[in-house]
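Here are my notes for someone opening this structure for the first time. Have the sequence and the 3D view side by side as you read.

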Amino acid sequence: MKALKEFTIPFIGLKAEKHYFDYQIDKKFFEYFEYDDFNDVNIKAELVFEKKSTFLELYFEIVGSVNVNCDITNEPYDQMVEGEFKLVVNFGDVYNDEFEDILIIPHGEYELNVAQYIYELIILSMPAKRIHPGVEDGTLNSDILKRLEELSPKSLGEKEETSEEIDPRWNTLKKLLTDK
C-alpha cells in the first residue's frame, strides 16, 4: 500500500491541537482495496485530527457521489453518499482494533494510516439496495423494467376477473354449500 502514503499521518511531530486534512477520493483509491463495484467515484473526505496529551481523536466526514449500477435494472446512476465517523486512538501494549470506534496502538508508534477507515466509511454509507431514482419515480424507460412488469404476478383485481370466468359447473357446486 505504498501508493496510499498520503493517508499516513505522522502524529509524533504534531502539536497538541486540532489538525485538518482533506482528501479527494476517486476510483483509483478503491483499486488498492481491490473493490470494483463502483463505476466512478467523486468523494471529498475531511478529517479533523485532534491530538491530546494521552490519546488521539479523529473525526471523519465524507460527502460526494458514487456511480453504481442499479440492482433492479443494472442501469448506471450517481448515488449521493454522506457519512461521518468518530475514532479514538489510545496507546497500549499491543495493537487492538476489536472495538468499532476505539483503536489501541503500541506506545512506540509514530504514524497512523487512515485509508482503511475512509474506505470502510464510504462502503458502509452506501445504501444496502441500490435503486435508480428513475425506477422509484417511474421516469426510467428501460427494456428490463418492461420485461419485469410483464412477468410480475397479477394484482388482486385481475385475479378476481379470472375467477368469474371459471367453469359454470363449479358455480352449481357452490350453490350446494349455500342451500342448507
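1. Start with the second largest pocket, which holds about 170 Å³ of space. Bear in mind that this is a predicted model. Its lining is made up of K5, T8, Y95, L103, I105, P106, E109, E111, L112, N113 and Y117. Strands β6 and β7 (111–113) each contribute at least two residues to that lining. Sorted by class, the lining of this pocket comes out as six nonpolar, two polar and three charged residues.

2. Now for the largest pocket, where the space is about 280 Å³. Fifteen is the count here: 15 residues line the largest pocket, and those nearest its centre are F85, E100, Y117, E120 and L124. Look again at Y117, since this residue is also listed in the lining of the second largest pocket.

3. Which element gives the most to the lining of the largest pocket? That is α2, with five residues. Three elements, β5 (76–92), β6 (102–106) and α2 (115–125), supply at least two lining residues each. The lining of the largest pocket has nine nonpolar residues, one polar residue and five charged ones.

4. On to charge pairs. Side chains of opposite charge can pair when their charged atoms come close. How many salt bridges does the structure hold? There are four salt bridges. One of them joins E46 to K44, with the closest N and O atoms 3.4 Å apart. E46 counts as partly exposed because its relative accessibility is 35%, and K44 is partly exposed too, with a relative accessible area of 39%.

5. The next group is worth tracing by eye: E50, K52, E57 and K86 are linked in a network of salt bridges. Within that network, K52 pairs with E57, their closest N and O atoms being 3.7 Å apart. K52 is partly exposed, with a relative accessible area of 31%.

6. Stay with E57 for a moment. Is E57 buried or exposed? At 19% relative accessibility E57 counts as buried, because the cut-off for buried is under 20%. E57 also meets K86 in a salt bridge, at 3.7 Å from N to O. That pair ties together distant parts of the chain, with E57 in strand β4 and K86 in strand β5, 29 residues apart. K86 itself is partly exposed, with a relative accessible area of 47%.

7. Next, two backbone spots to check. E34 has phi near 55°, a positive value in a residue other than glycine. E34 sits in the loop between α1 (27–31) and β3 (40–51), and its relative accessibility of 73% is why this residue counts as exposed.

8. The second spot is N74, where phi is near 65°, again a positive value in a residue other than glycine. Where is N74 found? It is in the loop between β4 and β5. N74 is exposed, because its relative accessible area is 51% and exposed means over 50%.

9. I72 also lies in the loop between β4 (55–69) and β5. I72 is partly exposed, with a relative accessible area of 29%. If you want to see how the chain comes together here, find K129: I72 and K129 are 57 residues apart in sequence and 9.1 Å apart in space, going from C-alpha to C-alpha.

10. Towards the start of the chain, E6 lies in the segment before β1 (8–10). E6 counts as exposed because its relative accessibility is 52%. Its C-alpha atom is separated by 18 Å from that of L121, a residue 115 positions away along the chain.

11. Last, a patch on the outside. Which residues make the nonpolar surface patch of about 430 Å²? They are I166, W170, L173 and L176. Of these, L173 lies in helix α6 (residues 168–178). L173 counts as partly exposed, because its relative accessibility is 45%.

Key: Residues numbered from 1 in each chain as written. Predicted model: local features only at pLDDT ≥ 70, side-chain atom pairs only at ≥ 80, totals over all residues. Heavy atoms only, no water. Patch = residues over 30% accessible without salt bridge, like charges linked within 9 Å, V, L, I, M, F, W, Y side chains within 5 Å. Areas by Shrake-Rupley, 256 points an atom, 1.4 Å probe, with all protein chains shown as cover. Salt bridge = Lys/Arg side-chain N within 4 Å of Asp/Glu carboxyl O. Helix = DSSP H or I, 4+ residues; strand = E, 2+ residues; numbered from the N terminus. Buried < 20%, exposed > 50% of the residue type's maximum accessible area, 1.4 Å probe, protein only. 1 Å grid on protein atoms, 1.4 Å probe; cavity = no way out; pocket = protein on both sides within 12 Å on 5 of 7 lines; lining within 4 Å. Points joined across faces, edges and corners; volume = space filled by probe spheres on them. Nonpolar A, V, L, I, M, F, W, Y, C, P; charged D, E, K, R; others polar.
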